[in-house]
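Student: I've got a model open and I'd like to learn how to read it, one feature after another. Can you walk me through it?
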Amino acid sequence: MNYEQALDYIHGTYKFGSKLGLENTKYLLGLLGNPHKNLKVIHVAGTNGKGSVSSYIHTILKEEGYKVGLYISPYLEEFTERMIINGKEIPRERLAEVTEVIKGKVEQMVKDGKNHPTEFEVVTAIAFYYYAQENVDFLVLEVGLGGRLDSTNVVEDPLVSVITPIGYDHMEYLGESLEEIAYEKGGIIKENGFTLLYPQEEEAMGVLENLCKERNNKLFVIDFDELTIHRSNMEEQIFSANILGKLYNNVKIKLAGLHQIYNACTALGAIEILKEHRNINISDGAILRGLNNTKWAGRFEVLQKEPLIIIDGAHNLHGADSLKKNIEILLKDYKITFVVGMLQDKDVKAVLEDLIPLADRVIATRPDNPRAMKASDLAKELRTFGKETYFYEDIKEAIKMALKVTNRDEAIIFAGSLYMIGEVRKILKNRTL
């Protein structure tokens, strides 16, 4: 099996749908010898920020000299982004080798009368097998969807469970209320463990506190009362904060956007728990280097300066709120062209109401995904804001138009679905217009 065949096999399992539950994953991993049981896991759930927080933790541990796995979803440009060790994506030939092993076990599973696993279940099994084979010291494991019934939740004893901000997303799977969504996310809280929470809305916080009590968890909540932001611009941010009793002074990060300071503080909280309660050696130098060296593509990422081009996967209301704040603070002197592409199962109206009033002109396009909203339909929604509006189903044409109508001293922001963001990033990086 080569890389292309591996991808064809993995994506071919899409037809088996998206079924939440752990039975399939447990059975498949059992056939593989339960590789996940030998891994030391930092498990990260939440609606927004979990990718950035995971990346910060991964880079800090790497800087200390550990061999660290990072499992994320979705990817932006290449599938191999989903499985990383010490900043390097899984080699294509290695993905092919591991996928062939998993394919054999899936065939055995079906012969045994079990349901065929879904795409995410297959990918998660590939990841666990790969990280176990590579003998990583730690695995920073990002939840795919929810928590309680997510395939990653076969992990029984994480070093720490981290829950980033919880908001309204994937409500068809996770529930209509914040309480229901928090209960699903809180599924990663395990018996007798350690849990770190980003401060949540009251309804969510109550649910998570109760889950921690029921499961005899030691609960930590990040406190932003002693956070001082010294500098915040597009090049770097500097802050000081008291994180679970430890004072960090003049911490530097290169990721742009105020939300990344809060994400960095959350990652610091997880690191403090690993140090103080799991006796893991992590020096202050590694922590500061790790935060400053963390990269996270597609989230308020600057691709070019003239005109200023930013991409941001603001596909739900919480993400749109963060983007809005960043624009109001960091881009207040810019005229802005927004290029927007959304999936139709998202709260499109709420996201547009947050962002489009900030635009001088707007272009609708269509992400490459079966659930994508047509650009023509999105344009109808956009016109209600009274802005100069264009639409192109083809993303390349949307990019060309954005560059045409935007002056060098203005800004273009590509926002919405990560499927669109990944395509835009690839096109602009390679200049394949």
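Student: Let's start with Phe300. Where is Phe300 found?

Tutor: Look in the loop between helix 10 and strand 12, and you'll find Phe300 there. Keep in mind that this is a predicted model.

Student: Is Phe300 buried or exposed?

Tutor: The cut-off for buried is under 20% relative accessible area. Phe300 has 2% relative accessibility, so it counts as buried.

Student: Which residues is Phe300 in contact with, leaving aside its neighbours within four places in sequence?

Tutor: The contacts of Phe300 include Met234, Ala256, Gly257 and His259. Ile310, Ile311, Asp312, Leu323, Asn326 and Leu330 are on that list too. For a sense of distance, take Val162: 138 residues separate Phe300 from Val162 in sequence, and their C-alpha atoms are 23 Å apart in space.

Student: On to pockets. How do I read one?

Tutor: Rolling a probe the size of a water molecule over the atoms shows where empty space is left. Here, the second largest pocket has a volume of about 870 Å³. Of its 33 lining residues, Thr294, Lys295, Trp296, Ala297 and Arg425 are the closest to the centre.

Student: Which elements give two or more residues to the lining of that pocket?

Tutor: Those are helix 3 (50-63), helix 10 (284-293), strand 12 (301-304) and helix 15 (418-430). Helix 3 gives the most, with four residues. Sorted by class, the lining of this second largest pocket has 13 nonpolar, 13 charged and seven polar residues.

Student: And sheets?

Tutor: Strands of a sheet pair through backbone hydrogen bonds, either parallel or antiparallel. In this model, eight strands form an open sheet with mixed pairing, in the order 4-3-2-5-1-6-7-8.

Student: Which strands stand at the edges?

Tutor: Strand 4 (88-89) and strand 8 (218-221) do; each has a single partner strand, so one side of each is left without a neighbour in the sheet. For a parallel pair, try strand 1 (residues 41-45) and strand 6 (residues 160-163), joined by four bridges. Ile42, for instance, has Val160 of strand 6 as its bridge partner.

Student: Can we zoom in on one residue of strand 7? Is Thr195 buried or exposed?

Tutor: Thr195 lies in strand 7 (residues 194-197). Its relative accessible area is 0%, so Thr195 is buried.

Student: With which side chain does the side chain of Thr195 make a polar contact?

Tutor: With that of Asn217, at 2.5 Å. Beyond its neighbours within four places in sequence, Thr195 is also in contact with residues including Ser161, Ile189, Cys212, Lys218, Leu219 and Phe220.

Note on methods. Residues are numbered from 1 along each chain as its sequence is written. This is a predicted model: local features need pLDDT of at least 70, side-chain atom pairs count only at pLDDT 80 or more; totals for chains, interfaces and linings use all residues. Side-chain values use heavy atoms; hydrogens and water are left out. Buried means under 20% relative accessible area, exposed over 50%, partly exposed in between (1.4 Å probe, protein chains only). A polar contact is a pair of N or O atoms within 3.5 Å; within protein, one must be able to donate a hydrogen and the other to accept it, and residues adjacent in sequence count only if both atoms are side-chain atoms. Contact means heavy atoms within 4.5 Å. On a 1 Å grid over the protein atoms alone, a cavity is a set of points where a 1.4 Å probe fits but cannot get out, and a pocket is an open set with protein on both sides within 12 Å along at least five of seven lines; lining residues have an atom within 4 Å of a point. Grid points are joined across faces, edges and corners, and a volume is the space filled by probe spheres set on the points. Ala, Val, Leu, Ile, Met, Phe, Trp, Tyr, Cys and Pro count as nonpolar, Asp, Glu, Lys and Arg as charged, and the others, Gly among them, as polar. Two strands pair if DSSP finds at least two bridges between them.
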